[in-house]
Amino acid sequence: AAGARELGVRVGDMMTIPKQYYPLLNHLAAGRSMDDRVGDTALIEAAWTLGPNFHGNVTFVWTTEEEIGLDGAAAFAAELAKQHRAPQYVFAIDTFVSSDSPLESKQFAYAVPGKGFVVRAVDDSNIVPTRDVQKMVRLARANNIPVQYGVTGGGNDGAAYVRYGAIDVALGWSMLFSHSPGELDSTRDVEDLARITVAAARAWH
């Protein structure tokens, strides 16, 4: 307490964690709030790659308030349904919180940063049909995109569309230390996530 007072810290002072990006070895990076900035980055890269002349029936959506109940996704999904435009498939982009740690079991949520994007086959909000997991894996391999798949906790925004008949094929990237000041992931996985998003936009039927 005395040391804190010497630094000028007083009861009631506000504190926050600095936002700083730390590039690390082997294409890894660490920082605060990588979730969902990584997903945003991958989607923007995919949209740039597809370009203004792409004419597929694909809609890119960025929504907010996921952590408090998928509120943004739920509002957009309801609006689409009201317009009779509910999608057949939704590819929700969200982190895959990984158990790639010496202290955790590899039987749950295991995906290694830098080994490719992840198909979130099962989480607390959604189960992707096996045929669609397999289809996504085949699409990735046909395009030489590294891919992993697995089971994790948490939910994803695509679950808000399922009630209107959509199939939610949730995609993500392996990340360690979620919701901490030092979330860690691989820039290679970001690139792979953008590439599979482009491939799905062009070839998914």
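## A walk through a predicted fold

At 77% relative accessibility, Gln-107 counts as exposed. It is a convenient place to begin looking around this predicted model. Gln-107 sits in the loop that leads from β4 (96-97) to β5. If you want a feel for distances, set the C-alpha atom of Gln-107 against that of Phe-60: the two residues are 47 apart along the chain, and their C-alpha atoms are separated by 33 Å.

### Strand β5 and its partners

Follow the chain out of that loop and you arrive at β5, which covers residues 117-123. How many of its seven residues are buried? Six of them are, so this strand is mostly covered, with buried meaning under 20% relative accessible area.

Three pairings of β5 are worth tracing on screen, and the table sets them side by side.

| Partner of β5 | Sense | Bridges | Residues standing opposite |
|---|---|---|---|
| β7 (residues 147-151) | parallel | five | Val-118 and Gln-148 |
| β9 (residues 171-172) | antiparallel | two | Val-118 and Gly-172 |
| β6 (residues 126-127) | antiparallel | two | Val-122 and Ile-127 |

Val-118 makes a handy landmark here, since this residue of β5 stands opposite Gln-148 in β7 and also opposite Gly-172 in β9. Val-122, for its part, faces Ile-127 in β6. The link between β5 and β6 is a hairpin, with two residues between the strands.

### Where α2 meets α6

Now turn to the helices. Helix α2 takes in residues 34-50 and helix α6 residues 187-203; their axes come within 8 Å and cross at roughly 45°. Are the two helices parallel or oblique to each other? An angle of roughly 45° is neither under 35 degrees nor in the 65 to 115 range, and α2 and α6 are therefore oblique. Their crossing is right-handed.

The contact itself is easy to pick out. On the α2 side are Val-38, Thr-41, Ala-42, Leu-43, Glu-45, Ala-46, Thr-49 and Leu-50, and they meet Val-190, Leu-193, Ala-194, Thr-197, Val-198, Ala-201 and Arg-202 on the α6 side. Sorted by character, the residues of this contact comprise ten nonpolar, three polar and two charged.

### Some backbone details

Most residues other than glycine have a negative phi, and most peptide bonds are trans. A few spots in this model go the other way, and they deserve a look.

Helix α2 holds a residue tied to one of them. Is the peptide bond from Asp-35 to Asp-36 cis or trans? That bond is cis, with omega near 10°, and Asp-36 has its place in helix α2.

Two histidines come next. His-27 is not a glycine, yet its phi is positive, at about 65°. You will find His-27 in the loop between β1 (22-23) and β2 (28-31), where this residue is partly exposed, with a relative accessible area of 39%.

The other histidine is His-179, whose phi is near 60°, again a positive value in a residue other than glycine. His-179 belongs to the loop between β10 (174-175) and β11 (183-186). Is His-179 buried or exposed? With a relative accessible area of 56%, His-179 is exposed, because the cut-off for that class is over 50%.

How values were computed:
Residues are numbered from 1 along each chain as its sequence is written. This is a predicted model: local features need pLDDT of at least 70, side-chain atom pairs count only at pLDDT 80 or more; totals for chains, interfaces and linings use all residues. Side-chain values use heavy atoms; hydrogens and water are left out. Axes are lines fitted to C-alpha atoms, for helices over the stretch in contact, and angles run from 0 to 180 degrees between N-to-C directions. Helices (H or I, at least four residues) and strands (E, at least two) are DSSP runs, numbered from the N terminus. Angles under 35 degrees count as roughly parallel, over 145 as roughly antiparallel, 65 to 115 as roughly perpendicular and the rest as oblique. A crossing is left-handed if the near helix is turned anticlockwise from the far one by less than a right angle, and right-handed if clockwise. Contact means heavy atoms within 4.5 Å. Ala, Val, Leu, Ile, Met, Phe, Trp, Tyr, Cys and Pro count as nonpolar, Asp, Glu, Lys and Arg as charged, and the others, Gly among them, as polar. Buried means under 20% relative accessible area, exposed over 50%, partly exposed in between (1.4 Å probe, protein chains only). Two strands pair if DSSP finds at least two bridges between them.
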